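Q: Please take a close look at one part of this model, the packing of one helix against its surroundings. Then set that part in the context of the rest of the chain.

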Amino acid sequence: VIQLVKSDFNNRYTGSFLGFLWALIQPMVMTFIFWFVFTKMWGAQTGPGGEPFISYFIVGFVAWNFFVEAISTATTVFVEYSFLVKKISFKIAILPLVKILSSLIFHGIFLALAIIVILLNGAEISWYWLQLVYYIVALTCLVLGISWLTSSLHVFIKDTSQAVNVAAQFGFWLTPIIWNITMISGKILFFLKLNPMLYIVDGYRKSLLYKQPFWGDLTGLACFWGLTLFITLCGAVVFKKLKPHFADVL
């Protein structure tokens, strides 16, 4: 796994002038665009906790960016590494994890930049920041379960990768990255809370901005891990059923 992650990280931007910096340029440009639109044009100066809007946005966006980047790259992994899939002795179940860990390296760099931004905007260093390790592990488990499902389907249905990209666009607006969950009420709130990324994005903010312990929301914790376990089991079942036919299709 370590050797494959190193190789994937080095090869992802081979030949480009700026190299891996492209993985940071895109999210930072998006951050600047949203900051400009919502603060300069719409006048949104602060988040729900009184923190600057840029701090509220970038902390949620850094979690979402890792989620989308990891799933997008992991979905096509079996086709990309078809030469390994055809080797009977190779455990191909680890390939989605390779893409996820490779994306995690970029996530760490983007997260460091996000921390610099919130520090420049008045945030204080806290022991609660260590909770990020828990939320990163939780997010990795969620992405792994989803990627087993999407990567298995992509071998047979090439439209899967496009469907993932479209779903990610919907997911961005259905996740409280720009808006806040307290703005929603009624029946729609129940369905929005079924989104596991709500728990992750909220957890990143609790750790970096609000200094709240992750065990303070036991209901959200139980719902997230229950849903993550269900998704992972579904992904594992689909992968196991389709795996014997991968080599023939590829």
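A: The account below starts with one helix pair and moves outward to the cores, some single residues and the cysteines.

The model is predicted. The helix to follow is α3, which spans residues 53-75 and packs against α8, residues 160-174. Their axes are 10 Å apart and make an angle of about 170 degrees. An angle over 145 degrees counts as roughly antiparallel, and α3 and α8 are therefore roughly antiparallel to each other.

On the α3 side, the contact is made by Phe-57, Phe-61, Trp-64, Val-68, Ile-71, Ser-72 and Thr-75. On the α8 side, it is made by Thr-160, Ser-161, Val-164, Asn-165, Ala-168, Gly-171 and Phe-172. By type, the residues of this contact are eight nonpolar and six polar, with no charged residue.

Ser-55 is also in helix α3. Its relative accessible area is 1%, so Ser-55 is buried. Leaving aside residues up to four places away in sequence, Ser-55 touches Ile-118, Asn-121 and Leu-209.

Next comes the nonpolar core. The largest one has 48 residues. Within this core, Phe-67, Leu-139, Ile-200, Tyr-204 and Leu-208 have the most contacts. At least two core residues come from each of α2 (22-41), α3, α6 (95-120), α7 (132-156), α8, α10 (196-210) and α11 (218-242). Helix α3 gives the largest share, 13 residues. In general terms, nonpolar side chains tend to be buried together in soluble globular proteins.

Ile-200 can be followed one step further. Not counting residues up to four places away in sequence, Ile-200 touches Ala-63, Tyr-135, Ala-138, Leu-139 and Phe-224. There is also a second, separate core of 13 residues, which includes Val-5, Val-77, Leu-84 and Phe-246.

Helix α11 holds a further buried residue, Thr-228. The place of Thr-228 is in α11, and because its relative accessibility is 3%, Thr-228 counts as buried. Its contacts, with residues up to four places away in sequence left out, are Cys-141 and Leu-142.

Two loop residues can be set beside these helix residues. Lys-211 sits in the loop between α10 and α11. Its phi is near 55 degrees, a positive value in a residue other than glycine. With a relative accessibility of 36%, Lys-211 counts as partly exposed. Ile-125 lies in the loop between α6 and α7. Ile-125 is nonpolar by residue type, yet it is exposed, with a relative accessible area of 66%. From C-alpha to C-alpha, Ile-125 and Arg-12 are 33 Å apart in space, and 113 residues separate them in sequence.

The cysteines come last. A disulfide requires two cysteine sulfur atoms within 2.5 Å, and by this rule the count is zero. For Cys-223, the closest cysteine sulfur is that of Cys-234, at 17 Å, which is too far for a bond. For Cys-234, the closest cysteine sulfur is in Cys-141, at 16 Å, again too far for a bond. Cys-234 counts as partly exposed, at 29% relative accessibility.

To return to the starting point, α3 packs against α8, and α3 also supplies the largest share of the 48-residue core.

How values were computed: Residues are numbered from 1 along each chain as its sequence is written. This is a predicted model: local features need pLDDT of at least 70, side-chain atom pairs count only at pLDDT 80 or more; totals for chains, interfaces and linings use all residues. Side-chain values use heavy atoms; hydrogens and water are left out. Axes are lines fitted to C-alpha atoms, for helices over the stretch in contact, and angles run from 0 to 180 degrees between N-to-C directions. Helices (H or I, at least four residues) and strands (E, at least two) are DSSP runs, numbered from the N terminus. Angles under 35 degrees count as roughly parallel, over 145 as roughly antiparallel, 65 to 115 as roughly perpendicular and the rest as oblique. Contact means heavy atoms within 4.5 Å. A nonpolar core is a set of buried Ala, Val, Leu, Ile, Met, Phe, Trp, Tyr and Cys residues joined through side-chain atoms within 4.5 Å. Buried means under 20% relative accessible area, exposed over 50%, partly exposed in between (1.4 Å probe, protein chains only).
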